[in-house]
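Please study the sequence and the structure shown below before attempting the exercises. Each task is followed by a solution in steps.

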Amino acid sequence: MSEKTDYPKSFSHIGITVPDINKAVKFYTEVMGWYTIMEPSKIKKEKETAIGIMCIDVFGDDWEEFEIAHLSTSDGVGVEIFSFPHGVKEAPEFSPFNTGLFHFSIQDPNIETLIDKIVAYGGKQRMPIRAYYPGEKPYKMCYVEDPFGIVFEIYTHSYELTYSSGAYTK
């Protein structure tokens, strides 16, 4: 019997670069409720450790050190937060029409409360909360930014429910 290799792969983690790692960890743990897996720590460019060698492979030789922290969502998806001392400290211009990562999305049924908390912590609400199927299904969404200008989306319901027909009826 042959092994099936065309199964859907799971999402492991996303990496986010921020100007202030401690402020980012505070935002994502206090606002999103994400778990801290590894507190912020420094990684130095060195060829004597496995992590040093891996980082040289990824970032090349034009760095000396950076900070990293690892968080996790309630469903076990990792959020790897980086802060480089000599990196650009502003988020790139919002340009969803260009190739690249456009946004990530999180889920919370209390969308209004979460948006209020994001704004209270220095983030932004980019648009009004919108219903996917007004008067038909209770699914809502909204684009926001964290305090560093990183754009993400909030859904009130799972991705599968939001896009599957017949998943909810009055």
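The exercises below concern the two domains of this predicted model and the interface between them.

**Exercise 1.** State how the protein chain is divided into domains and how far apart the C-alpha centres of domain 1 and domain 2 lie.

*Solution.*
Step 1. Domain 1 covers residues 11-89, and domain 2 covers residues 100-169.
Step 2. Between the C-alpha centres of the two domains there is a distance of 25 Å.

**Exercise 2.** Describe the extent of the interface between domain 1 and domain 2, and name the three residues of domain 1 that supply more of its buried area than any other three.

*Solution.*
Step 1. Taking contact as heavy atoms within 4.5 Å, one finds 14 residues of domain 1 in contact with 12 residues of domain 2.
Step 2. About 1200 Å² is buried between the domains, and carbon and sulfur atoms give 83% of this area.
Step 3. On the side of domain 1, Phe-27, Val-31 and Met-32 supply 40% of the area buried against domain 2, more than any other three residues.

**Exercise 3.** Determine which polar interactions link domain 1 and domain 2, and characterise the side of domain 1 that touches domain 2.

*Solution.*
Step 1. The count of salt bridges between the domains is 0.
Step 2. Polar contact, in turn, is found for 3 residue pairs across the interface.
Step 3. On the side of domain 1, the elements that give two or more residues are β1 (13-17) and α1 (21-30).
Step 4. Of the elements, α1 gives the most, with 5 residues.
Step 5. By class, this side of domain 1 has 10 nonpolar, 1 polar and 3 charged residues.

Note on methods: Residues are numbered from 1 along each chain as its sequence is written. This is a predicted model: local features need pLDDT of at least 70, side-chain atom pairs count only at pLDDT 80 or more; totals for chains, interfaces and linings use all residues. Side-chain values use heavy atoms; hydrogens and water are left out. Domain bounds come from an automatic or database domain assignment. Buried area is the accessible area (1.4 Å probe) that two parts lose on being put together, summed over both. A salt bridge is a side-chain nitrogen of Lys or Arg within 4 Å of a carboxyl oxygen of Asp or Glu. A polar contact is a pair of N or O atoms within 3.5 Å; within protein, one must be able to donate a hydrogen and the other to accept it, and residues adjacent in sequence count only if both atoms are side-chain atoms. Helices (H or I, at least four residues) and strands (E, at least two) are DSSP runs, numbered from the N terminus. Ala, Val, Leu, Ile, Met, Phe, Trp, Tyr, Cys and Pro count as nonpolar, Asp, Glu, Lys and Arg as charged, and the others, Gly among them, as polar.
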